[in-house]
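Colleague: Let us go through the ligand site and then the core. Please keep the answers short.

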Amino acid sequence: MFNTHRSETQLLRYIKQLENKDLSLAFGMIPLGSCTMKLNATTQLMPLSFANFAHLHPFTPLSQTGGYQAILKQLSLDLANITGFDACSLQPNSGAQGEYAGLMVIRAYHLSNNQPQRRIALIPQSAHGTNPASAVMAGMEVVVVKCDENGNIDITDLQQKAQTHADTLACLMVTYPSTHGVFEEAITDICQTIHQYGGQVYMDGANMNAQVGLTNPATIGADVCHLNLHKTFAIPHGGGGPGMGPICVAKHLTPFLPTHAYLNPQANSQAISAVSAAPYGSASILLISYAYIKLLGSEGLTQATKIAILNANYIKKRLETEYQTLYVGKNGRVAHELIIDVRPFKQSAGIEAEDIAKRLIDYGFHAPTVSFPVAGTLMIEPTESEDLDELDRFCNALLSIRHEIREIELGIAYTADNVLKNAPHPINEITADYWPHSYSRQKAAYPLPALYKHKFWASVARVNNTTGDRNLICTCPPIEMYEA
Ligand SMILES: *Cc1c(COP(=O)(O)O)cnc(C)c1O
């Protein structure tokens, strides 16, 4: 691409072409559950372009970085405050890296207590895949804890496993509110049980958007957590980064936070080694979270949390008659996200979560999270950034899709040839002279009148995932290519 596009004009147009293929937040809501795709405000992003922030090398002498240090210190204080904890490390560059750092801190704590045998990490079935992966990276052994039919941690199983491993228990990794989108009511008892058996509690902070200002990990009794600044604290993400996953810890763990040779050449003996090459991870993007926190203030942050929870419950309510929400709390409500169960449509119409996800593109929406944490379901998270009109536009799309599924159930539409199975419909197919389908072009492209005003065209039709997975394409050119 860099060989092909040789002038600024060409490169600019190439980048614009890529942008046009992207169904981004600039077009509409990205309702990816667990990902917290919220507004990345322009004001918050602007400082990244300021030379005084952007042009500093990570190892610039400390005497020349007073401004950065003041901001990073304040941000650390604010994050510690928000989590209810004592201290913060800004080193980890992602949630997963935060998990690793936090677990290494727990490991160092046990070692300092002369308990090197504490290496078991209890992890509930509903956990994100990074949790067990990080535990293994940190030298721990994973023991899986069951969930009950309501999606909550099975307390009996937890108790049993904590007891069985009482001498070797290192920690529990728990996500709150759970990845099932519910504030687990037994959470403080769960944390107590772990402490009773000598373990520490690692709270996965990916769902902090449902907590900030209302509650915090210290309140529930956790000892350490990471924060995904690219989720809860407004750093743009997607396509692989960049992210930041600082960890916050309770007082007894503060001495073990990662050190860095650049900041503390004479490291204190208890601190774990650096987890990042740079002393403050990707320091420049921390400015976004700093601005986000300072612009909203504590009242604004709390209000954002409330609206995030309200928005998720609004969607749940509007979809109620047509889609079953898989897990709810005892008051019938969800936290900041919800899982809708679309598995019954497989039986009734041969429709799967993927078909609904792809059809949503025709309606101008990025898919929700597919098949996590429950296979065959969709997890929706609107965040506080979406207004009522956008929430309604999204609900209307899902309700209309339910209607399309019903047409298959009733035999009005074919099982093999329908708007869902063939979605998304790119413009070259819609405008082609040859149209092989049993439904109209109009129905395929403009199922709702609102789409005449605001339409996204997918650049390609359905991708065959299985073929892609089974046929690896090696991009390494053969050796003969070098001969010329
Ligand atoms: C996103 C997420 C993670 C991992 O965070 P990354 O920043 O992507 O590494 C871990 N747990 C949960 C529940 C998440 O949603």
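Colleague: Which side chain has an N or O atom 2.6 Å from a nitrogen atom of the ligand?

Modeller: The model is predicted, so local features need pLDDT of at least 70, side-chain atom pairs count only at pLDDT 80 or more, and totals for chains, interfaces and linings use all residues. Residues are numbered from 1 along each chain as its sequence is written, and side-chain values use heavy atoms, with hydrogens and water left out. The 2.6 Å pair is a polar contact (N or O atoms within 3.5 Å). The side chain is that of Asp 204.

Colleague: How much of the ligand's accessible area does the protein cover?

Modeller: A ligand oxygen lies 2.7 Å from a side-chain N or O atom of His 230. Another pair joins a ligand oxygen and a polar backbone atom of Ala 96, at 2.8 Å. On its own the ligand has 380 Å² of accessible area (Shrake-Rupley method, 1.4 Å probe). The protein covers 86%.

Colleague: Which helix gives the largest share of the shell around the ligand?

Modeller: The ligand is surrounded by 13 residues (a heavy atom within 4 Å). Ser 34 and Gly 95 are among the closest. Three shell residues come from one helix (a DSSP run of H or I, at least four residues). That helix is α5, residues 95-112.

Colleague: Which element gives the most to the largest nonpolar core?

Modeller: This core has 49 residues, buried (under 20% relative accessible area, 1.4 Å probe, protein chains only) and joined through side-chain atoms within 4.5 Å. Phe 233 and Ile 293 are among those touching the most other members. Nine residues come from the top contributor, α10.

Definitions and conventions
Polar contact = N/O pair within 3.5 Å; in protein donor to acceptor, adjacent residues only side chain to side chain. Helix = DSSP H or I, 4+ residues; strand = E, 2+ residues; numbered from the N terminus. Buried < 20%, exposed > 50% of the residue type's maximum accessible area, 1.4 Å probe, protein only.
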